[in-house]
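Please load the model in your viewer and keep a selection prompt at hand. The tour goes from the whole chain to single residues, one selection at a time.

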Amino acid sequence: MIKARQETQEEVKGHIYEDFNYASDLLQPWRPAGGTLADAATAIITSSTLNREAIKEMVYHAPDNRLTVGRVVCDENNQIMCPACWRDRGEEVLHINFEPAIYIDGNDKHQASEIVQGDVLAIPCSSHQCGHQFIICLGNQKGRIEIFTIINEGWIAEIFSE
Ligand SMILES: [Zn+2]
């Protein structure tokens, strides 16, 4: 029987560095300011919970004490900031990504949201730096478009643990 050659300690060390560098490269863009790679992994996992049904439910149920409705917040360059923590963190929270928008029919009967009677175009967003998730909404209210944000303040965590 031919025994597989055992790797030397130096070779094993080399593999660990390779794997670590690979994981580090994957996680780096998700790493919150001052956070670790483990925080980055948490940010990736939580952002995937913003699925289509969760977004529709958030738009429908807001306002709620776990779903704050606010204005869209921009800096002086018209760049969107995290509406949940821009006051505390300033320009730190400009790194925001959006996901595909969802069109929700309101049928002029508040079926999309309590906030507007008509349809809502919902754009899910997340900030990797602070981990907040929010939705930018364009809502039709009798032919006028209202623009607002819905911020998750724990609603998702509670719904998914029910
Ligand atoms: Zn934030």
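**The whole chain**

Begin with everything selected in this predicted model: of the contacts in the protein with a separation of 6 or more, 51% are made by residues 24 or more positions apart. Switch to a cartoon view, and the secondary structure comes to five helices and six strands, which run from the N terminus as α-α-α-β-α-β-β-β-β-β-α. The protein is more spread out than a compact globule, because its radius of gyration is 21 Å, well over the 15 Å that the globule rule gives for 162 residues. If you orient the view along the principal axes, the C-alpha trace spans about 80 × 40 × 25 Å. Colouring by burial would mark 25% of the 162 residues as buried.

**Two domains**

Next, select residues 8-48 and then 51-161, which the domain assignment gives as domain 1 and domain 2. Their C-alpha centres lie 30 Å apart, and the contact between them takes seven residues from domain 1 and seven residues from domain 2. On the side of domain 1 that touches domain 2, the residues divide by class into five nonpolar and two polar, with no charged residues.

Staying in the N-terminal part, select residues 9-27, which form helix H1, and pick out Asp25 within this helix. Is Asp25 buried or exposed? With 9 other C-beta atoms within 10 Å, Asp25 is exposed. A distance drawn from the C-alpha of Asp25 to that of Leu37 should read 9.9 Å, for two residues that are twelve apart in sequence.

**The nonpolar core**

Now turn to the largest nonpolar core, which has 24 residues, and in which Met58, Val59, Ile135, Cys137 and Ile150 have the most contacts. To see which elements give two or more residues to this core, select helix H3 (52-61) together with the strands E4 (120-127), E5 (133-141) and E6 (144-152).

Hide all but H3 for a moment, and show its buried residues Ile55, Met58 and Val59. Seen down the axis of H3, these buried residues fall within an arc of 95°, so they line one face of the helix. A general point helps to read this view: an α-helix has 3.6 residues a turn, so residues three or four places apart point the same way.

With the rest of the model shown again, centre on Met58; leaving aside residues up to four places away in sequence, Met58 touches Leu67, Ile135, Ile150, Asn152 and Trp155.

**Backbone details in the loops**

The last stops concern the backbone, where a general expectation is useful: most residues other than glycine have a negative phi, and most peptide bonds are trans.

Select Ala62 and Pro63 first, since the peptide bond that joins these residues is cis, with omega about -5°. Pro63 itself lies in the loop between H3 and strand E1 (67-70).

Move on to Asn78, which sits in the loop between E1 and helix H4 (86-89). Although Asn78 is not a glycine, its phi is positive, at about 65°; with 6 C-beta neighbours inside 10 Å, Asn78 counts as exposed.

Where is Lys142, the final selection? Lys142 is in the loop between E5 and E6, and it has a positive phi of about 50° without being a glycine. Lys142 has 8 other C-beta atoms within 10 Å and is therefore exposed.

Conventions:
Residues are numbered from 1 along each chain as its sequence is written. This is a predicted model: local features need pLDDT of at least 70, side-chain atom pairs count only at pLDDT 80 or more; totals for chains, interfaces and linings use all residues. Domain bounds come from an automatic or database domain assignment. Two residues are in contact if their C-beta atoms, placed from the backbone, lie within 7 Å. Ala, Val, Leu, Ile, Met, Phe, Trp, Tyr, Cys and Pro count as nonpolar, Asp, Glu, Lys and Arg as charged, and the others, Gly among them, as polar. A nonpolar core is a set of buried Ala, Val, Leu, Ile, Met, Phe, Trp, Tyr and Cys residues joined through C-beta atoms within 7 Å. A residue is buried if 20 or more other C-beta atoms lie within 10 Å of its own, exposed if 12 or fewer, and partly exposed in between; C-beta atoms are placed from the backbone. Helices (H or I, at least four residues) and strands (E, at least two) are DSSP runs, numbered from the N terminus. The arc is that of the directions from the helix axis to the C-beta atoms. The radius of gyration is taken over C-alpha atoms; the globule rule is 2.2 Å times the number of residues to the power 0.38.
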